[in-house]
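User: I'm new to reading protein models, and I'd like a close look at just one part of this one. Could you walk me through it slowly?

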Amino acid sequence: ESHDMRWIPLLLSLLGVNLASAYLTPTPSFHAVRLGGVRPAISLRTSARRGLAGLRAKEPEQSPEDAAKSKALADAWIRTDKSNELKGLLNGASLYLVGLPGCNNDRIGAMLAKRLDVYSFLDLKEVLAAAAGKPECSGYEELKKEIGEEDFRELESKVMNEVQAVLRLVVSTDSGIVQDVGNWAKMQNGLVVHMKGDAELLAERSGMGKGEIEAMAEELGGFYDLADVEVTLDKEDAIDTGAIKVIDALMDKIKNNPPKRSGWQAEHDKRVAQLEAEERKGKPGKPPGKGFEPKKSGDI
């Protein structure tokens with residue numbers, strides 16, 4: 001009976017045989033001997049000295065355009081792997097993006113939620129505008145002018161009461177949300193990400209003056225320092241790059257600071273009490289004094 005031997009290498013490769021460490025040796029087969037022919041059969045023997053050069057993997061020849069596409073695809077796989085890993089590490093904890101105007105918290109937050117897949121994005125300015133009955137207001141400053149700073153902060157606090165109870169959210173916030181001690185307490189149910197950048201860059205993106213940005217940074221910097229992670233944006237960073245920077249920072253934070261939930265609430269209450277004490281000593285709305293260094297919890 002005739003046997004076609006060509007399928008054997010394929011079968012062996014499926015069974016896990018490393019063909020690159022073997023070589024072919026022509027030997028008379030039963031079929032060839034019986035017919036008196038010279039048709040060789042295939043046999044496999046391992047060899048430390050030589051291998052099947054034709055079966056070894058080779059770098060494919062690619063044009064620069066194809067090489068760029070391949071690299072982009074590989075980067076996309078890596079980013080997807082990171083996003084999936086972070087989803088497991090977060091265990092449903094919401095993320096709050098804080099920072100000065102020009103940090104693109106809304107756009108980066110939307111991209112971050114998209115990458116985390118099961119997370120939803122919440123732009124706080126849109127929620128506040130709708131709650132105030134001013135959906136036409138497109139920004140925080142416009143809404144503050146419409147309803148007043150005091151009413152804005154009161155509304156913000158009420159909205160945060162509802163938001164804090166929701167899992168798997170990425171929330172972009174107003175730059176001044178950190179001034180309210182109560183809001184800090186609410187955000188401790190998740191992780192707070194401080195987005196930052198050079199004053200010149202933020203001024204360019206926000207349309208504000210560089211001096212205004214620097215003044216805000218001086219006023220709010222003490223509060224931003226309490227964030228769980230800090231992400232610095234560069235001028236050349238795309239929105240997706242910003243989102244990946246957040247993912248990397250959060251993964252590093254969580255892996256190096258495993259949660260200790262038993263003492264988390266006590267640490268959180270201590271932090272809030274210290275902030276309140278400092279505010280009573282100094283001018284309301286100003287950052288904590290230089291001697292104030294609250295202990296940071298690594299909890300989620």
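User: Which residue has its backbone nitrogen 2.9 Å from a polar atom of the side chain of Asp-237? Please tell me about the surroundings of Asp-237 too.

Analyst: Happy to, and keep in mind that this is a predicted model. The residue you're after is Asp-234: its backbone nitrogen sits 2.9 Å from a polar atom of the Asp-237 side chain.

Now let's place Asp-237 on the chain. You'll find it in a loop, with strand E9 (229-233) on one side and helix H11 (239-256) on the other. Is Asp-237 buried or exposed? It's buried: its relative accessible area is 15%, and the cut-off for buried is under 20%, so Asp-237 makes the cut.

The side chain of Asp-237 has another partner as well. It makes a polar contact with the side chain of Lys-245, at 2.6 Å. If you skip the neighbours within four places in sequence, the residues in contact with Asp-237 are Arg-205, Thr-232 and Lys-245. So Lys-245 turns up both in that list and as a side-chain polar partner of Asp-237.

One of those contacts also lets us look a bit further out. Arg-205 is in contact with Asp-237, and the number 205 falls inside helix H9 (199-206). Helix H9 supplies at least two residues of the lining of the largest pocket, and helix H4 (105-116) and helix H6 (140-147) each do too. That pocket holds about 470 Å³ of space. Of its 21 lining residues, the closest to the centre are Leu-100, Pro-101, Gly-102, Lys-125 and Tyr-140. By class, the lining has six nonpolar, nine polar and six charged residues.

Note on methods:
Residues numbered from 1 in each chain as written. Predicted model: local features only at pLDDT ≥ 70, side-chain atom pairs only at ≥ 80, totals over all residues. Heavy atoms only, no water. 1 Å grid on protein atoms, 1.4 Å probe; cavity = no way out; pocket = protein on both sides within 12 Å on 5 of 7 lines; lining within 4 Å. Points joined across faces, edges and corners; volume = space filled by probe spheres on them. Helix = DSSP H or I, 4+ residues; strand = E, 2+ residues; numbered from the N terminus. Nonpolar A, V, L, I, M, F, W, Y, C, P; charged D, E, K, R; others polar. Buried < 20%, exposed > 50% of the residue type's maximum accessible area, 1.4 Å probe, protein only. Polar contact = N/O pair within 3.5 Å; in protein donor to acceptor, adjacent residues only side chain to side chain. Contact = heavy atoms within 4.5 Å.
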